[in-house]
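Please report on the fold of this protein chain. Cover the sheet, the helix packing, the nonpolar cores and any unusual backbone angles.

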Amino acid sequence: MKIKDVFLDGILLIGCGKMGGALLDGWIENGLKLENAFVIEPKPNKRLQNLEKRGLTLNPKYALEVGTCLLAIKPQNMDYLLKYFPKKVSFSILISVIAGTPISKLRDVFGGSKSIYRAMPNTPSLVSAGITAIYGEDGSNLEKVDLLMSSVGNTVRLKKEDHIDVATAISGSGPAYAFLLIESMALIGVELGLSKDISLNLAKNTVFGAGKLCMAVSDSPEILRENVTSPGGTTEAALKVLMNENSLKNLMGDAIKAAHQRSLELRK
């Protein structure tokens, strides 16, 4: 199943910032024809303007009928969208990547006959290395939704809508946790005498390589950690600090639970 063969009835993208732009690029790279692509974006960049010249429809002024619509706007713009948008377009499949807006609210506005899905991608989608959590009450179009979101990385399918908030705390916010780790490792390297460039290069490539190795093999993270840890060696000395009573596991648990709680509070 390929995007170019499935979405012949058109895709409308509402919001084409960083995430929306990454998705659009992924769709085009995976075969979406520009004549089947429609974008509403009040501040189009040069990339969008060039795509318009090649056949993409940008900010149509007329009523629109497409098969699929994806909402990729900021949560603070949601009320404005819900007030004005439904009058201008019709579609059968709706995908929302807007945090904090449940399917029940989307259904109230867009109608009970729509097939509605929520998706939570993360920022590595910008380099086609994202992970997107997907949930929908109606499974009939799940393959289509998965096809669109997998254009920027991997996907997982959730069984409960509430799990979107958990995914937000783990993978949605998660890149920031990894960036903080890299930042911290690099700063300590400088403190211990390395140049800033070398220390940052070591830290970035270490985290990248560890993630790639973890994805490439079937061993659990626990086994991989143990494989690096020689008795009486440098890694063991470090892990005695990271795994003490105030362990990294406990600290990370508190952080993810805080992000999860905030995600619940942001629901509209």
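The report below goes from the whole chain to single residues.

**Overall**

The model is predicted. The chain has 268 residues, and 38% of them count as buried. It holds 12 helices and 10 strands. Along the principal axes, the C-alpha atoms fill a box of roughly 70 × 35 × 35 Å. Take the contacts with a separation of 6 or more: 57% of them join residues 24 or more positions apart.

**The sheet**

Eight strands form an open sheet with mixed pairing. Their order is S3-S2-S1-S5-S7-S8-S9-S10. Strand S3 (57-58) and strand S10 (153-157) are the edges, and each pairs on one side only.

Three pairings in this sheet are listed here.

| Strand pair | Sense | Bridges | Opposed residues |
|---|---|---|---|
| S1 and S2 | parallel | 4 bridges | Ile-11 and Ala-37 |
| S1 and S5 | parallel | 4 bridges | Ile-11 and Thr-68 |
| S5 and S7 | parallel | 4 bridges | Leu-71 and Ser-96 |

Strand S1 covers residues 11-14, and strand S2 covers residues 37-40. Ile-11 faces Ala-37 in S2. Ile-11 also stands opposite Thr-68 in S5.

S5 has side chains pointing both ways. Thr-68 and Leu-70 point one way, Cys-69 and Leu-71 the other, and all are buried. Leu-71 has Ser-96 of S7 as its bridge partner.

Helix H5 (residues 103-110) lies across four strands of the sheet: S5 (68-71), S7 (93-96), S8 (115-120) and S9 (130-136). H5 runs at about 140 degrees to S8.

**A helix pair**

Two packed helices are described by the angle and the distance between their axes. Helix H7 (residues 163-172) and helix H8 (residues 174-191) have axes that come within 5 Å and cross at roughly 25 degrees. Angles under 35 degrees count as roughly parallel, so H7 is roughly parallel to H8. On the H7 side, the contact is made by Ala-169, Ile-170, Ser-171 and Gly-172. H8 contributes Gly-174, Pro-175 and Tyr-177. The residues of this contact divide into 4 nonpolar, 3 polar and no charged.

**Nonpolar cores**

Which residues touch the most other members of the largest nonpolar core? They are Leu-24, Trp-27 and Leu-70, in a core of 32 residues. The elements giving two or more residues to this core are helix H1 (3-6), S1, helix H2 (18-29), S2, helix H3 (46-53), S7, S8 and helix H6 (142-149). H6 gives the largest share, 5 residues.

Leaving out residues up to four places away in sequence, Leu-24 touches Leu-13, Cys-16, Val-39, Leu-48, Leu-51 and Leu-56. Another core, of 21 residues, lies apart from the largest one. Among its members are Leu-71, Leu-81, Ile-103 and Ile-164. S5 thus shows up in this section and in the sheet: Leu-70 and Leu-71 point opposite ways from the strand.

**Positive phi**

Where does Asn-59 sit? Asn-59 is in the loop between S3 and strand S4 (64-65). Its phi is near 50 degrees, a positive value in a residue other than glycine. Asn-59 counts as partly exposed, because its relative accessibility is 21% and buried means under 20%.

Ser-128 is in the loop between S8 and S9. Ser-128 is not a glycine, yet has a positive phi of about 60 degrees. At a relative accessible area of 44%, Ser-128 is partly exposed.

Note on methods
Residues are numbered from 1 along each chain as its sequence is written. This is a predicted model: local features need pLDDT of at least 70, side-chain atom pairs count only at pLDDT 80 or more; totals for chains, interfaces and linings use all residues. Side-chain values use heavy atoms; hydrogens and water are left out. Two strands pair if DSSP finds at least two bridges between them. Contact means heavy atoms within 4.5 Å. Axes are lines fitted to C-alpha atoms, for helices over the stretch in contact, and angles run from 0 to 180 degrees between N-to-C directions. Buried means under 20% relative accessible area, exposed over 50%, partly exposed in between (1.4 Å probe, protein chains only). Angles under 35 degrees count as roughly parallel, over 145 as roughly antiparallel, 65 to 115 as roughly perpendicular and the rest as oblique. Ala, Val, Leu, Ile, Met, Phe, Trp, Tyr, Cys and Pro count as nonpolar, Asp, Glu, Lys and Arg as charged, and the others, Gly among them, as polar. A nonpolar core is a set of buried Ala, Val, Leu, Ile, Met, Phe, Trp, Tyr and Cys residues joined through side-chain atoms within 4.5 Å.
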